[in-house]
Amino acid sequence: MTDCLFCKIIAGDIPSNKVYEDDLVFAFRDINPQAPTHILVVPKEHIASAADITKNNSAVIAHIFEVIPQIAKSEGLKNGFRVITNSGPDACQSVHHIHFHILGGEQMSDKMA
Ligand code: 5GP
Ligand code: ZN
């Protein structure tokens, strides 16, 4: 998508601090970290949100969940981490290209909302 921020980051048109890339997936550090480690994992294919996952595009989402533990390990998140995806206005999704936040590096709140 031409006017999508994360498509532009994946294409390298907007710089990012990349932590992982393969044929299907791109991961980079969040510009406004909310934990000592805060990484965004995105599919290279433009999927708008978790509400748009279907049988036809879910393979890349499964792949993301294979990549996430590798990233967590390489970031040294031995004591755990949190994975979040915000979908739609009630969840305050601000970038409409599905992304999974990996948060870690400190004891987090037991509240999620
Ligand atoms: P959301 O609110 O949609 O779940 O998360 C969007 C995330 O993208 C936010 O945590 C925000 O800090 C991050 N973000 C927004 N613009 C940029 C950018 O240009 N570069 C990077 N690395 N992160 C961004
Ligand atoms: Zn996109």
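1. The backbone oxygen of Ala 48 lies 2.9 Å from a polar atom in the side chain of Gln 93. This distance, like the other values in this note, comes from a predicted model. Gln 93 sits in the loop between strand S4 (81-84) and strand S5 (100-104). With a relative accessible area of 8%, Gln 93 is buried, because buried means under 20%. Apart from neighbours within four places in sequence, Gln 93 is in contact with Ala 48, Ser 49, Asn 86, Ser 87 and Gly 88.

2. Cys 92 belongs to the loop between S4 and S5. Is Cys 92 buried or exposed? Cys 92 is exposed, with a relative accessible area of 59%. The backbone here deserves a look: Cys 92 is not a glycine, yet has a positive phi of about 65 degrees. Most residues other than glycine have a negative phi.

3. Asp 30 is placed in the loop between strand S2 (25-29) and strand S3 (37-43). Asp 30 is buried and has no salt bridge. Which side chain of opposite charge is nearest to Asp 30? The nearest is that of Arg 29, 11 Å away. A salt bridge requires a nitrogen and a carboxyl oxygen within 4 Å, so this pair does not make one. The side chain of Asp 30 does reach the backbone nitrogen of Asn 32, at 2.8 Å. Leaving out residues up to four places away in sequence, Asp 30 touches His 38, Ile 39, Leu 40 and His 101.

4. How many salt bridges does a search of the whole structure find? The search finds 3. One of them joins the side chains of Glu 75 and Arg 29, at 2.9 Å from N to O. Glu 75 lies in the loop between H2 and S4 and Arg 29 in strand S2, so the pair ties together parts that are 46 residues apart in sequence. Glu 75 is partly exposed, at 23% relative accessibility, and Arg 29 is also partly exposed, at 32%.

5. Lys 18, Glu 21 and Lys 44 are linked in a network of salt bridges. Lys 18 pairs with Glu 21, with the closest N and O atoms 2.7 Å apart. Glu 21 also pairs with Lys 44, where the closest N and O atoms are 2.8 Å apart. This second pair links distant parts of the chain: Glu 21 is in strand S1 (residues 18-21) and Lys 44 in the loop between S3 and H2, 23 residues apart. Each member of the network is partly exposed: Lys 18 has a relative accessible area of 46%, Glu 21 of 36% and Lys 44 of 27%.

6. Two residues of helix H2 can be set side by side. Phe 65 is found in this helix, which covers residues 58-74, and Ile 64 lies in H2 as well. Ile 64 counts as buried, at 0% relative accessibility, whereas Phe 65 counts as partly exposed, at 43%. Ile 64 touches Val 25, Val 41, Val 42, Pro 43 and Phe 100, not counting residues up to four places away in sequence. The C-alpha atoms of Ile 64 and Lys 18 are separated by 15 Å, and these two residues are 46 residues apart along the chain.

7. On the surface, Phe 65 forms a nonpolar patch together with Phe 81 and Val 83. The area of this patch is about 240 Å².

Definitions and conventions
Residues numbered from 1 in each chain as written. Chains lettered and ligands numbered in written order. Predicted model: local features only at pLDDT ≥ 70, side-chain atom pairs only at ≥ 80, totals over all residues. Heavy atoms only, no water. Patch = residues over 30% accessible without salt bridge, like charges linked within 9 Å, V, L, I, M, F, W, Y side chains within 5 Å. Areas by Shrake-Rupley, 256 points an atom, 1.4 Å probe, with all protein chains shown as cover. Helix = DSSP H or I, 4+ residues; strand = E, 2+ residues; numbered from the N terminus. Buried < 20%, exposed > 50% of the residue type's maximum accessible area, 1.4 Å probe, protein only. Lys, Arg positive; Asp, Glu negative; His and termini not counted. Polar contact = N/O pair within 3.5 Å; in protein donor to acceptor, adjacent residues only side chain to side chain. Contact = heavy atoms within 4.5 Å.
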